[in-house]
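Work through the following exercises with the sequence and the 3D structure beside you, and try each task before you read its solution.

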Amino acid sequence: MYEAFYGLREKPFSILPDPELIYWTQNHRLAFAMLEFGVRNSAGFTVITGEIGSGKTTLVRHLLRKLDSRISVGLISNTPEGRKELLEWILMSLGQPFDGTYTELFQRFQQYLHAQYENRRRTILIIDEAQNLQSEALESLRMLSNVNADKDQLLQLILIGQPQLKELLSSPKLVQFAQRISADFHLTPLNCAEVTQYIDYRLHAVGAQAPLFTPEACKAVADASLGIPRSINILCDTALVYGYAMQEPHITQQVVYEVIKHKRTFGVFNNANQSNGTAGNRS
């Protein structure tokens with residue numbers, strides 16, 4: 001819609017996870033380094049947390065692209081509750097039959113891990129939205145991780161979740177689980193300077209020859225989005241639509257304020273304060 005008007009090859013601010021358009025802030029580099037560390041060092045548990053839309057899933061997608069072909073990966077993006085349902089989803093994610101009693105499922109899972117090991121393959125299980133797992137399910141994961149071959153770890157687990165996951169793992173009931181975590185990191189929001197760099201990076205990646213958002217517009221986006229990449233994408237994408245409709249060659253602060261005002265009607269940016277459509281200063 002607005003791509004041709006602004007000289008872009010494609011939309012720069014999709015809310016879908018896109019490993020091709022990762023903007024590597026220091027925090028995102030550190031988070032990915034912990035993911036890689038966990039994989040390369042056969043960590044039993046790796047935990048990455050962050051606010052909704054902070055880029056956790058995008059980092060996971062980038063990791064999947066870089067994994068050795070000898071690694072089998074199971075990816076679970078929902079939140080099974082009981083231990084049997086969890087094991088069913090695990091087997092299904094690994095392409096294994098998932099019918100039977102819990103005992104039968106557990107035996108099948110053990111056989112799968114040992115077969116992988118004998119074939120010099122590794123198995124990694126990634127659970128997204130892990131903050132929604134119940135304590136029983138987390139304890140079941142700990143028990144599943146006990147399936148080992150001598151000193152070798154047959155199963156590695158990566159948990160990705162919102163900040164509530166950190167609180168959940170701090171529970172006294174999960175002390176043994178927390179002690180198994182070898183690598184962890186919490187993604188924080190982008191600061192104001194990083195938001196400007198993020199906007200310019202995404203635009204340049206799809207063909208922009210010069211910055212399209214004025215410095216004041218970038219600051220307005222930073223304030224309203226609170227530095228969360230997904231919110232930045234929503235706001236910038238809509239601002240480009242508004243700019244196109246108004247035939248504005250650049251996205252100004254006023255265009256962003258118009259977007260914020262209309263988004264606020266639907267509660268998308270209801271954390272923003274009422275001062276000129278911004279959310280207060282962020283350093």
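**Exercise 1.** Find which residues of helix H3 (residues 56-66) are buried, and then find what the buried residues of H3 pack against.

*Solution.* Begin with the terms: helices (H or I, at least four residues) and strands (E, at least two) are DSSP runs, numbered from the N terminus, while buried means under 20% relative accessible area, exposed over 50%, and partly exposed in between, with a 1.4 Å probe and protein chains only. By this rule the buried residues of H3 are Lys-56, Thr-58, Leu-59, Val-60, His-62 and Leu-63. Next, look at their surroundings, where these buried residues pack against helix H2 (26-40) and against the strands E1 (45-50), E3 (122-127), E6 (155-161) and E7 (181-187).

Before going on, note that this is a predicted model, in which local features need pLDDT of at least 70 and side-chain atom pairs count only at pLDDT 80 or more, whereas totals for chains, interfaces and linings use all residues. Residues are numbered from 1 along each chain as its sequence is written, and side-chain values use heavy atoms, with hydrogens and water left out.

**Exercise 2.** Decide whether Leu-165 is buried or exposed, and list its contacts beyond its neighbours within four places in sequence.

*Solution.* First locate Leu-165, which lies in helix H7 (residues 164-169). Its relative accessible area is 0%, so Leu-165 is buried. Then collect its partners, taking contact as heavy atoms within 4.5 Å: outside the neighbours within four places, Leu-165 is in contact with Val-47, Thr-49, Ala-130, Gln-131, Leu-159 and Ile-160. Finally, compare positions along the chain and in space: Leu-165 and Ile-48 are 117 residues apart along the chain, and their C-alpha atoms are separated by 9.1 Å.

**Exercise 3.** Describe how helix H9 (residues 192-205) and helix H11 (residues 229-246) cross, and which residues meet there.

*Solution.* Two packed helices are described by the angle between their axes and the distance between the axes. Here the axes of H9 and H11 come within 11 Å and cross at roughly 60°. That angle makes H9 oblique to H11, since angles under 35 degrees count as roughly parallel, over 145 as roughly antiparallel, 65 to 115 as roughly perpendicular and the rest as oblique. As for the residues, Val-195, Tyr-198, Ile-199, Arg-202 and Leu-203 in H9 meet Pro-229, Ile-232, Asn-233, Cys-236 and Leu-240 in H11.

**Exercise 4.** State how many helices and strands the protein chain has, and what share of its residues count as buried.

*Solution.* The protein chain has 12 helices and seven strands, and of its 283 residues, 48% count as buried.

Methods. Axes fitted to C-alpha atoms, helices over the stretch in contact; angles between N-to-C directions.
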